[in-house]
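Open your viewer and get ready to click along. Each stop on this tour tells you what to select and what to look for there.

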Amino acid sequence: MGSAWFRPRADGTGARPADWRGWAAIAAYVSGLVLLVLLTFDGQRAVPIAVVTFIGMSTTLTAGFVVFVWAQVQRFKKELGS
């Protein structure tokens with residue numbers, strides 16, 4: 001399946017892309033947030049409902065991305081230890 005897409009930072013405070021696939025994943029995440037803004041605030045909903053919808057969906061998208069990056073860092077550590 002290949003190597004991990006993300007690796008831990010040297011100071012241990014996060015993760016950074018290990019190759020082009022990591023950068024592509026970041027670009028997809030940011031594109032997803034932009035698309036979410038465009039679809040949520042399209043003028044079809046009342047503003048309070050749009051805000052609540054955006055917060056909920058962006059939190060879900062961010063949590064999924066964080067879990068994905070965490071899994072890739074764990075995979076990198078496992079490959080490094082092997």
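## Stop 1: a buried arginine

Select R21: its relative accessibility is 17%, so R21 counts as buried. Here buried means under 20% relative accessible area, exposed means over 50%, and partly exposed is in between, using a 1.4 Å probe and protein chains only. Before going on, note that this is a predicted model, in which local features need pLDDT of at least 70 and side-chain atom pairs count only at pLDDT 80 or more, while totals for chains, interfaces and linings use all residues. Residues are numbered from 1 along each chain as its sequence is written, and side-chain values use heavy atoms, leaving out hydrogens and water.

R21 sits in helix α1. Helices (H or I, at least four residues) and strands (E, at least two) are DSSP runs, numbered from the N terminus.

Which residue meets the side chain of R21 in a salt bridge? Add D19 to your selection: the N to O distance between the two side chains is 2.8 Å. A salt bridge is a side-chain nitrogen of Lys or Arg within 4 Å of a carboxyl oxygen of Asp or Glu.

Now show the backbone of S3. Its oxygen lies 3.0 Å from a polar atom of the R21 side chain.

## Stop 2: more salt bridges

How many salt bridges does a search of the whole structure find? The search finds four. Side chains of opposite charge can pair when their charged atoms come close.

Select D42 and R45 for another one of them, with 3.8 Å from N to O. D42 is partly exposed at 39% relative accessibility, and R45 is partly exposed as well, at 40%.

Next, pick E79 and R75, whose side chains form a salt bridge at 3.4 Å, N to O. Both residues belong to helix α2 and are four residues apart, about one turn of the helix. An α-helix has 3.6 residues a turn, so residues three or four places apart point the same way. E79 counts as partly exposed, with 36% relative accessibility.

## Stop 3: along helix α2

Colour the whole of α2. With 35 residues at 1.5 Å each, α2 should span 51 Å, and its end C-alpha atoms are 50 Å apart, which agrees. The expected span is 1.5 Å times one less than the number of residues in the helix.

Which residues of α2 are buried? Select A50, S58, F65, V69, Q72, V73 and R75 to see them. Their cover includes β1 (6-8), β2 (15-17) and α1.

Zoom in on Q72, which is buried with a relative accessible area of 8%. Leaving out residues up to four places away in sequence, Q72 touches A4, W5 and F6. Touching, or contact, means heavy atoms within 4.5 Å.

Then try T53, also in helix α2. At 25% relative accessibility, T53 is partly exposed. Draw a line between the C-alpha atoms of T53 and R7: they are 32 Å apart in space and 46 residues apart along the chain.

## Stop 4: the nonpolar core

Select F6, A25, Y29, F65, V69 and V73. These six residues are the largest nonpolar core. Such a core is a set of buried Ala, Val, Leu, Ile, Met, Phe, Trp, Tyr and Cys residues joined through side-chain atoms within 4.5 Å. The elements giving two or more residues to this core are α1 (20-40) and α2 (47-81), and α2 gives the most, with three.

Centre the view on F65. Beyond its neighbours within four places in sequence, F65 contacts F6, A25, I26 and Y29.

## Stop 5: the aromatic rings

How many aromatic pairs are there? The count comes to five. Rings of Phe, Tyr and Trp (its six-membered ring) pair if their centres lie within 6.5 Å; planes under 30 degrees apart are stacked, over 60 edge-to-face, and the rest tilted.

Show W5 and F68: their ring centres are 5.4 Å apart and their planes are at 75 degrees, so the pair is edge-to-face. W5 lies in the segment before β1 and F68 in helix α2, so this pair ties together parts that are 63 residues apart in sequence.

Now show F6 and F65, with centres 6.2 Å apart and planes at 90 degrees, so this pair is edge-to-face. It links F6 in strand β1 to F65 in helix α2, 59 residues away along the chain. F6 is buried, at 2% relative accessibility.

To finish, select W5, F6, Y29, F65 and F68 together: they form one aromatic cluster.

Key
A polar contact is a pair of N or O atoms within 3.5 Å; within protein, one must be able to donate a hydrogen and the other to accept it, and residues adjacent in sequence count only if both atoms are side-chain atoms.
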